Amino acid sequence: MIRTEEMMLNVGPQHPSTHGVFRLVIKVDGEIIKEATPVIGYLHRGTEKLAEDLQYTQIIPYTDRMDYLSAMTNNYVICHAVETMMGLELPDHAEYLRVLAMELGRVASHLVWFGTYLLDIGAVSPFLYAFREREAIINLLNELSGGRLTFNYMRVGGVKWDAPEGWIDKVRDFVPYMREQLAGYHDLVTGNEIFLNRVKGVGRYTKEDALQYSLSGANLRCTGVDWDLRKHEPYSIYDRFDFDVITRDGGDAWARYQCRLAEIEESLKIIEQAVEQIPDDGKFMAKVPRIIKAPKGEAFVRIESPRGEIGCYIASEGKKEPYRIKFRRPSFYNLQILPKLLEGENMANLITILGGVDIVLGEVDG
Amino acid sequence: MSDEKDLEKKKAAAAAKAKAEALRKKKEDEKAAKGEEDTTAEDKEKVSHTLGKDSKEMDNSDTDEDLAKKKAAAAAKAKAAALAKQKRKQAEAANTEGEPSDNEDELAKKKAAAAAKAKAAALAKQKRKQEESGSDDSSDDEKAKAAAKAKAAADARKKREASGGESPEDDEKAKAVAAAKAKAAAARAKKKADTDKKEETEEEKPSPNQPLLDKYMKVIKEHLGEDVFEETYINRLSKHVPTLVAKRDTYHKIAEFLKFNEQLGFDYLSELHGTDFETHMEVYLHLFSFRNKQSVALKVKIDRDQPEIESVTGLWKGANWPECEAYDLFGIKFLNHPDLKRILLGEDWIGYPMRKDYEPHDVEV
């Protein structure tokens with residue numbers, strides 16, 4: 001007679017497949033997960049508390065360290081919040097530089113996801129290819145901002161400095177190169193039968209669930225919800241570009257994979273248009289006071305980061321420091337659905353499901 | 001005869017050898033000039049080849065030609081030697097150039113270090129002087145006086161630091177600063193008045209979202225009664241989002257209504273967080289309706305000493321962790337929450353760090 005016994009297992013916090021310091025306490029019965037409890041907070045640095053003693057410009061480097069895979073969008077969200085409160089109009093040149101930086105960052109972020117996700121589920125070489133292309137982007141952003149991951153490039157009212165000479169051309173040349181590589185990824189991975197068997201129908205949830213759990217980004221669009229803040233609540237100059245919102249109906253890991261890869265292509269479209277449209281007047285800063293003070297009151301803005309909806313709430317007393325600043329961190333919200341997805345799943349699918357959510361722990365823990 | 005022939009042959013062979021040697025040397029020099037080292041094997045082969053060929057040619061060649069060839073070889077050799085010399089010189093020059101620059105660097109470093117040392121010494125001296133002037137007195141009276149003086153000085157320093165300006169040592173300077181400050185304050189006041197006026201004029205224009213707010217108000221009041229809000233307004237700073245401030249008792253009812261009412265249908269919780277406003281706590285929700293593609297901000301003020309409020313996890317499951325976070329950082333208790341825990345800091349943390357009056361508690365400090 002076979003006797004089974006429930007066993008408790010720790011996944012993480014130090015394990016490469018958790019993409020940071022994420023701990024998961026799971027109860028397994030044989031190979032079936034009965035219950036999964038995420039334990040987070042290992043990377044909590046109290047950004048919001050620290051920010052209460054800092055001037056707005058000084059907070060920007062802290063945002064780099066939240067979602068360190070796409071720091072440009074984080075830079076943007078706090079600048080955008082303060083600019084919204086101050087009613088600032090930005091010069092076009094600065095807006096285009098921001099959009100270029102953010103979209104390059106989005107491609108880089110999706111590349112990291114693509115590479116590490118496949119590494120998680122057992123394919124090693126796509127990781128190398130993805131990181132090769134990501135390196136090209138990082139070099140571009142390094143040339144632009146002086147940093148490889150933590151850019152600290154944007155400022156309230158514009159950007160730190162203008163793009164170096166010839167940078168726009170380099171970005172222009174990068175687009176066809178990336179397209180070619182992307183086609184290579186599809187040849188390499190997308191049709192692979194082993195891969196398809198691992199992701200199809202795994203970690204499936206419905207549109208209703210996605211909305212209930214406040215999911216955003218590709219995690220929401222993979223259930224067929226046509227929602228992208230760049231398109232539907234256009235901020236910056238996104239209303240000037242022609243691009244599509246990628247949706248899939250599956251709601252499983254396969255649909256999320258398709259969404260993210262197709263989003264790379266959409267970002268390339270935006271980059272392609274932006275390098276053609278960018279005015280070369282070199283104005284990268286609006287006229288702003290020397291000390292930035294958000295007017296008294298409060299504001300909440302949200303934008304589309306590669307991981308979903310990143311938001312910034314500022315309550316200001318009209319001083320140079322915020323009274324309270326709060327970041328709506330998409331990974332934190334997206335991760336909530338994990339226990340529900342894991343319940344009753346096979347152990348082998350755990351990493352496939354976790355990786356499919358695309359979390360960055362710096363962002364989960366704030 | 002045969003001896004003569006042998007001699008001739010030997011001579012020719014020697015000449016050929018010399019020539020080959022010269023050629024090889026020349027080639028080597030050329031190679032060195034090009035900086036190629038991998039082709040030595042190839043060169044050697046070539047040399048041996050030419051050697052063989054030359055010796056064959058030498059057998060039936062005239063001595064005149066031989067001489068001319070030798071001359072040419074010698075000339076080439078001399079040239080190569082000259083080239084090599086030149087190169088050596090250049091390399092030496094480069095070396096000698098490199099060394100002094102290092103020395104210069106070191107010198108500069110030493111200088112900087114010395115300067116820093118001197119500065120530190122001067123600072124130390126100054127400090128000692130200050131200390132002496134503060135403590136080196138016999139009578140208590142004088143001591144007190146000195147202490148007061150030191151304190152005043154410290155205060156002044158603090159003030160200076162706070163204002164961030166240069167030290168106004170003289171009375172006149174201080175006066176000038178005060179005057180400038182007053183002027184600035186006046187200008188600021190004027191500016192503020194101006195902006196206030198501007199705001200007033202702006203306020204007259206209705207916000208584009210005013211009809212939305214009116215609609216929400218109408219629907220809610222029809223169903224829940226007149227007296228459910230503390231206030232409602234358009235938050236112009238926040239992209240004109242309609243903002244509803246619910247009363248403590250009606251908060252959950254309003255949230256429920258906002259979600260399930262067919263006309264409103266706010267099915268997506270975009271954001272939930274707490275804020276400590278010192279006079280009260282506040283919970284802020286940003287809701288979104290995918291049906292109408294509209295946003296609304298819902299706020300509720302709660303008692304700071306007893307921060308309790310109903311949880312909205314029953315309406316939006318996505319509120320689970322954000323409520324835990326608000327509990328963790330502010331101590332706001334969400335009633336009927338399925339699993340309210342200290343999600344980021346851990347259960348053994350003392351106090352709620354995002355509260356404005358938080359004192360860190362650390363046994364090791």
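**Entry 1: a loop in chain B**

I looked up Lys293(B) and placed it in the loop between strand S4 (281-289) and strand S5 (294-302) of chain B; helices (H or I, at least four residues) and strands (E, at least two) are DSSP runs, numbered from the N terminus. The model is a predicted one, in which local features need pLDDT of at least 70 and side-chain atom pairs count only at pLDDT 80 or more, while totals for chains, interfaces and linings use all residues. Residues are numbered from 1 along each chain as its sequence is written, chains are lettered from A and ligands numbered from 1 in the order in which they are written, and side-chain values use heavy atoms, with hydrogens and water left out.

I noted that Lys293(B), although not a glycine, has a positive phi of about 55°. Most residues other than glycine have a negative phi. Lys293(B) is partly exposed at a relative accessible area of 43%; buried means under 20% relative accessible area, exposed over 50%, and partly exposed in between (1.4 Å probe, protein chains only).

**Entry 2: positive phi in chain A**

I then turned to Asp358(A), a residue other than glycine whose phi is positive, near 60°. Asp358(A) sits in the loop between helix H14 (350-357) and helix H15 (361-364) of chain A. Its relative accessibility is 6%, so Asp358(A) counts as buried.

**Entry 3: the contact of chains A and B**

How many residues does each chain give to the contact? I recorded 44 residues from chain A and 46 residues from chain B, where contact means heavy atoms within 4.5 Å. The two chains bury about 3,800 Å² between them, 55% of it on carbon and sulfur atoms. In chain A, the most area is lost to chain B by Gln212(A), Glu298(A) and Tyr323(A), together 18% of what that side buries. Buried area here is the accessible area (1.4 Å probe) that two parts lose on being put together, summed over both.

I counted 26 residue pairs in polar contact between chain A and chain B, both residues at pLDDT 80 or more. A polar contact is a pair of N or O atoms within 3.5 Å; within protein, one must be able to donate a hydrogen and the other to accept it, and residues adjacent in sequence count only if both atoms are side-chain atoms. Among the elements that give two or more residues to the side of chain A that touches chain B are helix H3 (71-86), strand S8 (297-305) and strand S9 (308-316) of chain A. S8(A) gives the largest share of that side, 6 residues. The residues of that side divide into 21 nonpolar, 10 polar and 13 charged; Ala, Val, Leu, Ile, Met, Phe, Trp, Tyr, Cys and Pro count as nonpolar, Asp, Glu, Lys and Arg as charged, and the others, Gly among them, as polar.

**Entry 4: salt bridges**

I searched the whole structure and found 41 salt bridges over all chains, a salt bridge being a side-chain nitrogen of Lys or Arg within 4 Å of a carboxyl oxygen of Asp or Glu. Between chain A and chain B the count is 5. The side chains of Glu52(A) and Lys356(B) form a salt bridge with N to O at 3.1 Å.

Within chain A, Glu266(A) and Lys269(A) meet in a salt bridge (3.4 Å, N to O). These two residues are 3 apart in helix H11 (residues 253-277) of chain A, so about one helical turn separates them. Glu266(A) is buried at 5% relative accessibility, whereas Lys269(A) is partly exposed at 24%.

In chain B, I found Arg248(B) in a salt bridge with Glu310(B), the closest N and O atoms being 3.4 Å apart. The pair links distant parts of the chain, 62 residues apart: Arg248(B) is in the loop between S2 and helix H7 (251-260), and Glu310(B) is in strand S6 (residues 308-310) of chain B.

I also noted a network of salt bridges in chain A that links Glu103(A), Arg106(A), Arg221(A), Asp228(A), Arg230(A), Glu263(A) and Glu304(A).

**Entry 5: cysteines**

Why does Cys312(A) form no bond with Cys79(A)? The sulfur of Cys79(A) is the closest cysteine sulfur to that of Cys312(A), but at 9.5 Å it is too far for a bond. The count of disulfides over all chains is 0, a disulfide being a pair of cysteine sulfur atoms within 2.5 Å. Cys312(A) is buried at 0% relative accessibility.

**Entry 6: a buried threonine**

I closed with Thr243(B), in strand S2 (residues 241-246) of chain B, which is buried at 1% relative accessibility. A polar atom of the Thr243(B) side chain lies 3.1 Å from the backbone oxygen of Val241(B). Beyond its neighbours within four places in sequence, Thr243(B) is in contact with residues including Leu213(B), Tyr233(B) and Lys299(B).
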